[in-house]
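The following exercises concern the fold, the surface and the backbone of one chain. Each task is followed by a worked solution.

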Amino acid sequence: MPKIGSHVSFSDKGLLNAAEEAVTYGSSTFMIYTGAPQNTRRKPIEEQFIEEGKAVMEKHAMNEIVVHAPYIINLGSYKEDTFELAVRFLQEEIRRTDYIGVRNIVLHPGAYTDKDAEYGIARIAEGLNEVLAGVKDTNVNIALETMAGKGTEIGRSFEELAEIMEQVEFNNKLSVCLDTCHIHDAGYDIVNDLDGVLHHFDKVIGLEKLGVIHLNDSKNPRGASKDRHAPLGSGWIGFEAMNNVANHEKLQHLPMILETPWIGKADKTQRPMYEAEIALLSGNLNGRFGGEFLDHVERIDFLLGKKEIHYRDFVLNTWELLKNDAKAKKADGREPLERLYDILHEENLFSDLSEEQINQRLIVWLAGKDILKKA
């Protein structure tokens with residue numbers, strides 16, 4: 001069975017808070033930032049309830065988790081102050097990660113901004129060499145994340161990551177985080193040719209270098225270079241392809257992390273769909289939610305079937321409309337899940353359920369009828 005979890009909060013009581021939140025979603029792993037990803041302010045790691053968090057993890061068999069490095073680290077920068085901050089701060093984050101006992105810290109490789117890709121690759125490798133030379137006493141690997149190709153970011157191809165890794169002396173301390181949304185947006189066809197993509201990765205980098213998987217659907221078509229995550233099944237990748245990734249024999253041993261967006265009509269009502277997504281990918285729908293929940297999904301299928309709404313056609317047609325018809329998008333910019341929720345709300349199908357509960361059932365409906373037969 002795959003190890004699947006999500007990004008959880010490290011605020012308040014640190015690792016204890018993160019582990020307890022992960023339990024509520026039925027997770028078998030999770031990912032944290034050890035502080036706010038957009039700044040350098042950090043509480044001492046010794047005060048972050050590490051042992052208490054580990055006790056919760058042990059109780060619930062979560063034996064491998066992931067740390068994500070802050071966004072503000074840019075090893076590709078030509079600006080000396082930005083580069084030096086990136087090196088120093090990443091070393092501090094690695095030491096915090098090591099204190100927790102985590103093996104992989106995920107890092108966005110960096111962006112070359114006003115230079116070019118060749119400069120960016122060399123600069124990132126230079127930074128990684130400096131970083132790793134200063135933390136040789138730790139047991140942490142830097143997992144370079146595959147990127148979507150937005151702007152001047154590096155890591156939009158397996159070849160770019162391979163070029164970086166080849167220039168790093170302590171290559172054994174590098175791994176890769178494969179993000180499904182990012183590689184889809186970068187042009188890799190994981191929907192129709194997952195085995196081909198993995199073969200190409202193995203040839204260029206080596207499957208043994210994979211350390212983490214990020215499981216995210218995409219709001220954009222393949223090759224769009226946009227990097228906009230969608231909840232499971234509600235994007236261009238779709239549930240079937242995401243499930244193939246999560247349950248692939250060559251990937252199952254890796255920690256798999258959902259970074260899917262929270263959804264809801266208003267900011268105060270937005271909630272993550274992690275619990276439903278994890279149950280779907282783990283094959284544990286009935287065990288997690290029970291028969292009444294699945295009956296509700298059947299009722300959704302019956303109602304939408306009468307309206308001739310097919311789960312994949314509806315999602316893809318809506319995204320196509322929003323992408324290609326500016327006038328229609330201006331008139332109605334609702335995304336697929338919001339439109340589906342509004343249909344159920346107008347039909348008053350589940351007046352006793354919360355917005356979150358209805359959206360959870362829609363996430364399962366988007367996986368297709370076959371998933372209910374296996375639940």
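**Exercise 1.** Determine what share of the contacts with a separation of 6 or more joins residues 24 or more positions apart.

*Solution.* The model is a predicted one. Among contacts in the chain with a separation of 6 or more, 76% are between residues 24 or more positions apart.

**Exercise 2.** State how many helices and strands the chain has, and assess its compactness from the radius of gyration.

*Solution.* Step one: the chain contains 16 helices and 10 strands. Step two: its radius of gyration is 21 Å, close to the 21 Å given by the globule rule for 375 residues, so the chain is as compact as a globular protein of that length. Step three: the C-alpha trace spans about 65 × 45 × 40 Å along its principal axes.

**Exercise 3.** Describe burial, exposed area and charge placement in the chain.

*Solution.* Of the 375 residues, 57% are buried. The chain exposes about 16600 Å², of which carbon and sulfur atoms supply 45%. There are 43 positive and 61 negative charges, and their mean positions lie 3 Å apart.

**Exercise 4.** Locate D12 and S225, and classify the exposure of D12 and of S225.

*Solution.* Most residues other than glycine have a negative phi. D12 has a positive phi, near 65 degrees, and sits in the loop between strand 1 (3-7) and helix 1 (14-24). Exposed means over 50% relative accessible area; D12, at 54%, is therefore exposed. S225, also not a glycine, has a positive phi of about 55 degrees. S225 lies in the loop between strand 8 (217-218) and strand 9 (229-230), and its relative accessibility of 28% makes it partly exposed.

Key:
Residues are numbered from 1 along each chain as its sequence is written. This is a predicted model: local features need pLDDT of at least 70, side-chain atom pairs count only at pLDDT 80 or more; totals for chains, interfaces and linings use all residues. Side-chain values use heavy atoms; hydrogens and water are left out. Helices (H or I, at least four residues) and strands (E, at least two) are DSSP runs, numbered from the N terminus. The radius of gyration is taken over C-alpha atoms; the globule rule is 2.2 Å times the number of residues to the power 0.38. Buried means under 20% relative accessible area, exposed over 50%, partly exposed in between (1.4 Å probe, protein chains only). Contact means heavy atoms within 4.5 Å. Accessible areas come from the Shrake-Rupley method with a 1.4 Å probe; for residues, only the protein chains shown count as cover. Lys and Arg count as positive and Asp and Glu as negative; His and the chain ends are not counted. The place of a charge is taken as NZ of Lys, CZ of Arg, CG of Asp or CD of Glu.
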